[in-house]
Every structure is written in C-alpha cells, then in structure tokens.
Amino acid sequence: MKACKPARGIATRAAQLLAVISGWALSGLALAAEWNLRPAGSKIATEIHDLHEYVMILCTVIFVGVFSFMFWSVYAHRKSKGHKAAQFHENTTIEILWTVIPAIILVIIALPATRVVIAQKDTSNPDLTIKVTGYQWKWGYDYVKGEGEGISFISTLATPREQIENRAPKGEHYLLEVDNELVVPVGKKVRILTTAADVIHSWWMPSFGAKQDAIPGFIRDMHFRAEQTGTFRSQCVELCGKEHGFMPIVVKVVTQDEYGKWVGDKMKLIAAAADDPNKQYALDELRTRGEQVYAKNCVACHQATGKGMPPAFPPLDGAKIVLGPKDEQIRIVLNGRPKTAMAAFGGQLNDVELAALVTFTRNNWSNKTGEAIQPAEVKALRK
Amino acid sequence: MEQGASTTTRQAHYHVPQPMPWPIMGSTALFCMALGAVFVMNASSGGWVGLAFGVMLLLYMMFRWFGDLIRESEGGKYGGWEDLSFRWGMSWFIFSEVMFFAGFFGALFWARVMSVPDLASLEHNTYLWPGFTSHWPSAGPGFEEKFSPMGAWGIPAINTLLLLSSGVTVTIAHWALKEGKRAILNLFLFFTIVLGVLFLGLQVYEYAHAYSELNLKLSTGAYGSTFFMLTGFHGFHVTCGAIMLTVIFFRCLSGHFKPDHHFAFEGVAWYWHFVDVVWLGLFIFVYWL
Amino acid sequence: MSAVIDTHGHAHDHHGGYGGVMRWITTTNHKDIGTLYLWFSFIMFMVGGVMALAIRLELFSPGIQFFNPDLFNQFTTMHGLIMVFGAIMPAFVGFANWQIPMMIGAPDMAFARLNNWSFWLLPFAASLLVISFFTPGGAPGVGWTLYAPLTVQMGVGMDLTIFAVHLLGMSSILGSINIITTILNMRAPGMNLMRMPLFCWTWLITAYLLVAAMPVLAGAVTMSLTDRHFGTSFFNAAGGGDPVLYQHIFWFFGHPEVYIIALPAFGVVSQVIPAFSRKPLFGYASMVYATSAIAILSFIVWAHHMYTVGMPVQGQLFFMYATTLIAIPTGVKVFNWVATMWQGSLTFETPMLFAIGFLFLFTLGGFTGLVLSLVPIDIQLHDTYYVVAHFHYVMVAGALFAAFAGIYFWLPKWTGRMYDETLGKWHFWLTMIFFNITFFVQHFLGLAGMPRRIPDYPLMFESWNKVSSIGAFGFGLAQLLFLYVVLKAIRSGAKAPERPWEGADSLEWTHLPTPVPYHTFETPPVLK
Ligand code: HEA
Ligand code: HEA
Ligand code: CUA
Ligand SMILES: [Cu+2]
C-alpha cells in the first residue's frame, strides 16, 4: 500500500488498530496487508478514490457524532448511577431537523458522484477499441479498431496447477499471471467492448476504475485512459462457474513506440503461426500439438489424467464417444453440448488445433485408436 | 378499516380451529411432486410415479381440508369476524397472484422494449448478430425457423368475449344469491362455468393450431416463451377458477350459502374477476399490440 | 377462561386431539408454531454456519486445500440461501407468531391452520436444498442470486433448489397473508393501529413486502426452470431474451428482501431499547412513517445491485439517487433509538447489549451501503469482499443480533425461566468481538480488490483472510455458548418473575402471567 492519506476516517483507523492487534496476537502472520483501493492509474480511478475518501470522511463524522450521543447516554444516563428516566417521547423540531439535514448531506454527496458517473459513461471518440470476450475460463481479446486492428488472441491463467494444488511454492503473481497480456498504449483512450460466449463474466481493472460485466449475446462498453506505463493485474469478478477464481486479467501499458513495435511483432507472429489447414499431419505431430492445446483448454474440467471429475465432468479416458466414431467427437468439441459446461471450441481454436486435440484424446491414456484426424476432416464438419 | 371488526359487530370469540393433519399432508404432496418433477425433467424413470402420487395426495388433502371448512361453515362456526378475515386473506392472496403475473409481463416488456431492439443495434450487428433487425414478434437472432405469430382477432377475441361475459354472469349469480333467487343463482353460475370451459377448450385448440400450423412453440425464442408462459399460466388459473366455480356450484345446488353469508362464493367470484382482468392484459399486450 | 369455545376441546387437554409428535405436526397454536419456527431457524443457522466455516476454512490460506472449486461454490450458494431463507426469515416469523397475537390481544393468528402449513412447508424445502448436495453434480454453484445463464449449466441440484425456492416462497406468502389479516382484523377493542407496539407495525409492513416480492421471485426461478428444460429463451440472447432480465426480476424481489430481513429486526430493537431505557420509544409516529417509507423506496432501488451490467447513464443516476434516499428514513430510525436512550435510566442486560450492538454495527453497515450506492465507487467495489462485509454487517450484526436480543428479551415470558445473565453477557461480548474480527477486515479485502465467490486468492490477500477465518471460528464457537445458555434456561433456569423487565409495557407483559398460558386472550383484554 502506497500513499495512505491522512484523511482515512477514525473508524478505519480504529479498525486498523483492531486488525493490528489481532495480527499481533496471531504472531507469525505477515502483516504486509492491503487495506485500501489500489493505486490509481487513470484519472477516473483518481476521481473514484477522492470520492470514496470524501464520502468516508462524511460518514465517519456523522457516525462519530451520532454515537457520541449514544455512548454519552450509555455512560451518563445509567440506572446504576441513579439517573431517573425523563418521559419525553417526541419533538417535532428535532425530528424535522434530522430528516432535512441528512437530505442535504445526501445532495452534497450525490453531486460529485454524478459528475464521475457521467465521465465514466462517456465512451465516445476512442483511440483504440478492443473487444473482450469472456469464455469459461479465459479471456479473448480482439483489437477491432485503431492501431493493431486485426490482432486477436486468447489470454489464459499462467500459474501452474502445481502451485494451486500446493505442490510447488507460489510465485509472486500467483493467480494474477497470464500467457498473453492485453497490451495498450499509455495516454490513449481505450474503449473496451465486452461480451461473453457462455455465461456472464466481468472484466475489471481496478487501477483504471473500469469494470463491466460481459454478457453472453450482448455487447457492453466502457473505457479507460491509462496514465502510466506498467503492468496492471486483476481478476474476473462475476461468478462464472467452477474456475471463476482462475481467470485473471493482466494489462500491460506501454509507451506509444513500444506499442507500435508490439503490434508489428504480434502481426508477424500471427502470420507465422498460422497453421496450414491443408497439410497432412503425422500422428505424432498431431499428438504433441494436441497435448499443448489440451493442457490449455481442457484440463480444467477433464483433468490432465483424462479422468474428469465425475459426475459433473465426464472422463475422456475410455469414454465411449472418444473411442467411437470420430465425427461424433469432433462435433462435440466444435459445437459443445448445449446447457452443459462443455463449451463450443469451434470459435476459439482453428482446424489444426482441433484436429490435433481430437487426435490427442483418441491416442492418449488408455485410448489407443491409432487414428490421426486431419484438419480437413474438422473443416468438413464445421457448419 | 382503522378499527377492524373490533368495534361494531364484535363477537365474543373468534373461531380458532382444531389441529388437523391436512397441512403436513399438503407439504408431503408438494415434496413428492417436486421430487417427481425433478426426476421427470432429468429423464429418470420413476418420476411420473412420484409426481402422480403427489398430485393425488394434494387433491385428496384439498378435498378433506375444504370439506372440513365447508362443514364448519355450514355448522355456523363462522360469524362476521371470521368472514372479514377471509376477505382480507383472499384479497392479499389475489394480490400476490397479480405480482406473479407482473413478473412475466415484465419479461414480455423487457424483450419487446429492451432486449430485442438492443440485439439489433449497430454494434450488435457488427460483432455478434449480423443482419438481425428489431421487430416484434421476434424469436431472436439465433432462431432460424419460420413461424407465424398468433393473430388477435380470431380465437383470442372470441375468448375475450367469453371471459368478459362470464364476469357478467358470475356477477348476476352473486346478485341473485344476495336476493335469495336461488334458481337464477344456479343457472348463471352454471353459465359461468360453461363459458370458462369453452374458453379453455378454445385455448387448447389455439395451442394445437400454434404447434401444428404456425410452427409457434414454447421454444420459439422470446415470443414463444412469453406467449406460452403467460397464456399458459393464465389458462392454469382459469382451470383452477373453473374447478372452484364447480365446487361452489354444487354447494349452491345443495342449498349452501345465505344471502348475507357466502364468503366462499365471493372469494371465488373475486378470483374469477382477477383471471378476467389478467386476460385483458394478455389480450392487449400479447395478442393485439 | 370457562366460557371458551368448544373447538378448543378443553374437556380433555390443552392441545386438541393429538399428542406426542403429532401435537407439533398438527398444532394450530401460534405459540407452538412460533417455537417450531425458532428451533427450525436455529438448526438452519447451524447448517448454514457450518458451510460458512467451510468457506472460511478453505480461504484460510491461498491454494486449494480442502474443497474443490465446484464444491466451494456450492457451499457459498447454499450458505447464502440457507442463512437468508432458512435461518433469518423463519426466526422473525417465529417472533411474529409468538408475539403478534399477544401484543394486540388476539386469541391466535387469523388463520391458525394455514399458519401450521406455512411452517410445515419449510422443513420440506430445506430438505430439498440439502438433498441437492447428494445428487449427481451436487448442489448448484451459482450463488444465492441464482443468476442466469449459469443456472442452465447446473445439474439436478438446480431443479431441486428451484422447487425449494417455490416452497419457501409459498410459505412466506401464506405466512404474510396471515400476519396482515391478524394485525388488521384481530386487534382487541381499543388497540388501534397507532397504539400497536412497533414490532407489529414493522411486521405488518414486512408482510406487505413479502406478498409483493415473493411471487416475483417465484416467477424468476420458474423462468429459469423452463429455460433449463423446456426450451424457452427468457434469459438467452439467441432467442431474443436477456440474462440481465433475470437480474432485474431477481433484484426486484431481492432488494425488498433485504428489508424483509431488516424491518422485523428494527421492530425487535424498538421493543428492547425503550424497555431497558425505562422511557417510551421516541418518535413512535415517525418510526411508523419511516418504516413505510423504507418499504416503498425498497421497490424502486433494485438496480443498485446491477450498476456494472451496463445500463444507460440515466438508469444509473436514477437508481443511485433513489438508493441514497433510503438513508433518510433509516437515519430517522437510528436517531429515534438514540433519542430513546437519551436521558433514560439505562441498564445493560443481555437483550439491551445486543440491541446496542445492533444499533452500532447496523449503522456501520448502513454507511457502507451508502458508499456502495454511489455508482462510481460501486463500480470499483461490486462483487468484491467489500460487499460481503457490507451485507454481513446489516444481516449478521443487524438482523441476527436483533434476533438474539429478542430471544433473551422474551425467553422469560415464553418459558417462565430466566437465562444465565453472566453467560448471556459472555455470549454477547464474544459474538461482538469475533464478529468484527471476521467481517471488518473484509472491507480491506474488498477495497484491495479481492473478488467474492473465489476459493483461492492472490497472495496479497492472505493476511486479512487469515484474520477473518480465525474470527469466523471464534464467532461459531460463541454460538455454541448461545445454545447452551438457552438450553440451560429451559431446563434449569431460575423462575422468572412476573415482569422481569421493569420498562417493558406491551400487552404480553402487562396483561398476561409469566410464563404465558397455552391459550391467551380468548376473551379480548380490556384496554384503557
Ligand atoms: C438486512 C439487509 C440489508 C440492509 C438493511 C441493507 C441496506 C442498504 N444497502 Fe445493502 N445489501 C444487502 C443487504 C442489506 N443492505 C445484501 C444481502 C447485499 C448483497 C447481495 C448480493 O449481491 O449477494 C447488499 C448489497 C448492496 C449493494 C450492491 C453492492 C454490489 O453488489 O455492488 C448496494 C448498493 O447500493 C447496497 C446499498 C444499501 C443501502 C444504501 C442500504 C441502506 O438501507 C442503508 C441505510 C442506513 C444508513 C445510511 C445508516 C443510518 C443513517 C444515518 C445515521 C443517517 C445519516 C446518514 C447520512 C445522511 C448518510 N447494498
Ligand atoms: C443472514 C444471513 C447470513 C448469515 C447469518 C451469515 C453468516 C456468516 N457468513 Fe455469510 N453470507 C450470506 C448471508 C449470511 N451469512 C449471504 C447471502 C452470502 C452470499 C452468498 C453468495 O455469494 O451467493 C454470504 C457469503 C459469505 C461469504 C463469502 C463467500 C464467497 O463469496 O465465496 C463468507 C466468507 O467469509 C461468509 C461468511 C460467514 C460467516 C463466517 C458467518 C457466521 O456468522 C456464521 C456463524 C455460525 C456458525 C459458525 C454456526 C453455529 C455454530 C456451530 C454449528 C458450532 C460449530 C462451530 C465451530 C466448531 C467453530 N458468508
Ligand atoms: Cu469469468 Cu468469473
Ligand atoms: Cu439492495
């Protein structure tokens, strides 16, 4: 936690004290804890911080005011001190006062809040527009307008399973690291369009004060303008099923020059990595490729062992479908199973990846069909 | 209502009924129905047995519970004070039903005013649903089959007439009851039931027509969903109302109710009017506009 | 008591025809039913509490320790549902059953048999919820809000939960119709509405909220059910529906629901504070108006749970303004309570301690609610632990504390025996301290960005989570003490004096012996 401004309310202070005491009591606990909003990385975020501070101060003042009355009567008007009860039970003047004054306070809270809301909602004239798609459980990024248009990739949790399952020490950015970061230029207005492929997710970047639910079948938008370079981390914030806690969001803000270079590199990379769907691949080639794809897309449910997590997530090892006619299995992976967590991967993976994936599942664990599925076969089954 | 019944015609005692086993039987029935339905919906055999058992138990329970009530009522256990309780109870029950329908009407308005136009907006067209245009009735951008919406001026209009007249006939019956004209009471109550049953018959016909000729199904997107769920729940309420009317009818035949003491009749009449009003809403927003 | 009506069967025994277990199953006596509600609610509190402990256990350290993420989500969902529908709501219906007839001078509830049914729906609904854990796929892991379209992916447990919600809703609707009718129609002569104890007022208004809100929830879950099984598209964009529609319908119920939880608690506190201040409640009339204002406003603020779904700016502003308005009537209540204590002659028995604890911490939770009501701040804090902290302050330190206050307050009346005051005070202080250890730190977690409903978290959140988990276990143990105190009072408590609390002045204290007999006010009491 960086600047913890002196304006933090007394209540918060007291609580910090309480927390510190309990922390001390539990000796051995590292108290390098966070207790306030993350440092602001955009103007809106700064405004939100200020608003929060302002409201906290007001609330603390009212809180202390009201409860000093209460504690005074607790202290002074107790029977054990021989205090006799007065019998008054109403007073119109004071009742009107304590209706009107809070109303006024609310107005002075609502005014600055309104300003920020309007600024936050203004997504007009962006420099760069990026479409963000929530999948169970990863994020898809498509640069749809502005420099970098056409770039598109998927961003998945990079923390190894061993760390999550406590079989390896946890790294610094545990659960907050991805394979492909979202890269944006500093100082540019970035408009984010959110949508989702399966269930509702929510894309949040606290440092920029930007959060927007990603709703399947709908497009929603928000914007941010990062004021400093650096790497910013966060997580999906709408319950989206089993791995909701494991779909981080990482944004890398770079200078304009670096951004230009990144766009160039990325474009080249995409061109180079484009698989040739017309090629005939060998079984081993497909298997190795498939293993990678499987590890990224399927292990969460069907597990590395292929045993799944029955009954919710069926095993693939020894599954009838996997050992049966290949078209049936290709179709399931392409189109998913409606109304189950089994998503349609047709939109996320290309023909080569899908062919590799299916080949892998049909030739791994105890499955030994010996079939090599070619990209063309996948292509033929696409709708 | 400031003083409730407590000022004027104060009875000395309020009838606090004896314990009885019907409530727990009702809960058991609902429990079996729920479990049965869950099995049926998840394609497990045996569900129908639970469901059927639950329904029968529920019917039996209602038969016995209401039987007790009728006996008590005819036995003179209920005075003006209890009567007023029944009135309050029935009014708020009907209010809760109104809120239930409000939820589904909300869904209809949402689809028509918010979600369908939204899905057809520029950005949705660009990124998600190319070519989808906003119109109502709509089954949404992902729906590919063709279907025809249900027109308003055929069967639905006739049904409106039927239900409205049934509202009139039940009122005439009520008036006759208060005047002590039992023959008219019986006759018009009978008319009411006939009109209700006719309504239901036509509705069944309309559904069959929708499924077989219009290709309009429960699964026909937002239009099909709201159409069938709203009219379906309404139809279910008409069915309940018709059964209640039938019970009242037989009670009338056996000489129950007095001109100044007939809450059960009024409760059913209220319910019937409620069903009527909901239908008007349906006719306007589901069929017509 | 001689000219009683025949149906009571005073010839044989007090309880009509049945004995043994059947007495409890068939009872039409509001006091029996009240007792059933209270015990049921306590059992559910244990069940929901054990799930909370499971959650806190898993969150004690980062990494997946005890429960796989799926099971964790199921715990979260069922913890929320069970606490709200199984523990808190039935507890207050239990109070209503015991107290309302006695407070207004009625012989019983208006519909005594229906009352029995309202209760006996609950155990069946609860069984459906618990059974869902043992179905293939387990209980639904969708959060207590049951958001579509995640619900569509769930297994059999989802259907069980949906039907459970139907039964719970039915129970609440029938129960509230009963309460409304009782209050409107069963008051003793002279007990006009503005003389009723405030507890009856808050329940009258709560009952209105229930009849208006519960059917809407029933509709919402029904749509989810048909979306799951019958091909409808209410919440499916491809069919022209909208997942956000579910949220609107849910919160149209859900926000009034939080006041359904809070208002009866306000009622209890409004009885307890004057009694121990030996001074009449300050601003009775304004309390009634404030309660009504809260109820009305509660129907036009629902979308403050949905600021991040992407509404137009006008919508956000409307819901923000409407939400902040609720601070005014709630403030009136807080000020009235403080003014009641002011210049009183205070003593601090356990009920009063819990009432003061309520007042202090509920207000704190109210303020964090106000912070959340501001759109820009909520956009930062939505779906983080800040929200979790907010609602545990209003629901645990609010509603639950009030329920404790009420139990200690009326236990002597109900059982004729006193609880152990020393142990009661211990219960209060342990509860108070551990509550804050558990939930205060969650504000920090939320501010620092920890999302809710996650089984595992980044390392920077570790310390506060440890503190919170330790607090939770302390809190849980303190509730065992509560159970002990109550059982001890019932079995071997000292005999309660006729009127244990000097300042208590509603009918049950002034017109009835302690303990109250099985049948009361068969002849309406005479009021001055
Ligand atoms: C008992 C239940 C209860 C109560 C009483 C409240 C009371 C309030 N709540 Fe809370 N709330 C919940 C239960 C409750 N809430 C729950 C369960 C959730 C989460 C649901 C979920 O997502 O799972 C939630 C979530 C929630 C949110 C959504 C957060 C999010 O998900 O992003 C918001 C946002 O506006 C909010 C606001 C408020 C406000 C403004 C009040 C107000 O009523 C508070 C008013 C009180 C005061 C303000 C204090 C006293 C006043 C004074 C002393 C007067 C002077 C004060 C001023 C002038 C400021 N609540
Ligand atoms: C009024 C309702 C109510 C009550 C009383 C509580 C009580 C508690 N709640 Fe709950 N809570 C909710 C309503 C409530 N909660 C809701 C609505 C949610 C949202 C769910 C969702 O996101 O969908 C939630 C979510 C929620 C979360 C967030 C979960 C997540 O996001 O994944 C957490 C985490 O700490 C939590 C903790 C607790 C704890 C520690 C208690 C404690 O107060 C419980 C104490 C009680 C006991 C412990 C039981 C009694 C004691 C025993 C049985 C003895 C055994 C004890 C020991 C051996 C120690 N709750
Ligand atoms: Cu995606 Cu949570
Ligand atoms: Cu709310």
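## Interface and ligand sites in a predicted model

About 740 Å² is buried between chain A and chain B, and carbon and sulfur atoms give 63% of this area; buried area here is the accessible area (1.4 Å probe) that two parts lose on being put together, summed over both. On the side of chain A, Gly217(A), Phe218(A) and Ile219(A) lose the most area to chain B, and together they make up 58% of what that side buries. This is a predicted model, in which local features need pLDDT of at least 70 and side-chain atom pairs count only at pLDDT 80 or more, while totals for chains, interfaces and linings use all residues. Residues are numbered from 1 along each chain as its sequence is written, chains are lettered from A and ligands numbered from 1 in the order in which they are written, and side-chain values use heavy atoms, with hydrogens and water left out.

The contact between these chains (heavy atoms within 4.5 Å) takes nine residues from chain A and eight residues from chain B. Two salt bridges are found across the interface of chain A and chain B, a salt bridge being a side-chain nitrogen of Lys or Arg within 4 Å of a carboxyl oxygen of Asp or Glu. In one salt bridge, the side chains of Arg220(A) and Asp118(B) meet at 3.4 Å, N to O. The rule also finds four residue pairs in polar contact across the interface of chain A and chain B, both residues being at pLDDT 80 or more; a polar contact is a pair of N or O atoms within 3.5 Å, where within protein one must be able to donate a hydrogen and the other to accept it, and residues adjacent in sequence count only if both atoms are side-chain atoms. Strand 5 (residues 189–196) of chain A gives the most to the side of chain A that touches chain B, with three residues; helices (H or I, at least four residues) and strands (E, at least two) are DSSP runs, numbered from the N terminus.

Turning to the ligands, 32 residues surround ligand 1, and the closest are Trp144(C), Tyr259(C), Asp378(C), His382(C) and His390(C); a residue is near a molecule or strand if one of its heavy atoms lies within 4 Å of it. Because the residues around ligand 1 come from chains A and C, the site is shared between chains. Helix 12 of chain C supplies the largest share of the shell around ligand 1, with eight residues.

Of the 34 residues around ligand 2, those that come nearest are Arg56(C), His79(C), Trp144(C), His392(C) and Arg453(C). Helix 2 of chain C gives the most to the shell around ligand 2, with eight residues.

The table lists polar distances from ligand atoms to chain C.

| Ligand atom | Partner in chain C | Distance |
|---|---|---|
| Ligand 1, oxygen | Asp378(C), side-chain N or O | 2.4 Å |
| Ligand 1, oxygen | Arg452(C), side-chain N or O | 2.8 Å |
| Ligand 1, oxygen | Leu372(C), polar backbone atom | 3.4 Å |
| Ligand 2, oxygen | Arg453(C), polar backbone atom | 2.6 Å |
| Ligand 2, nitrogen | His392(C), side-chain N or O | 2.8 Å |
| Ligand 2, oxygen | Thr76(C), side-chain N or O | 3.0 Å |

As for chain A as a whole, the secondary structure comes to eleven helices and ten strands, and the C-alpha trace spans about 95 × 50 × 40 Å along its principal axes.
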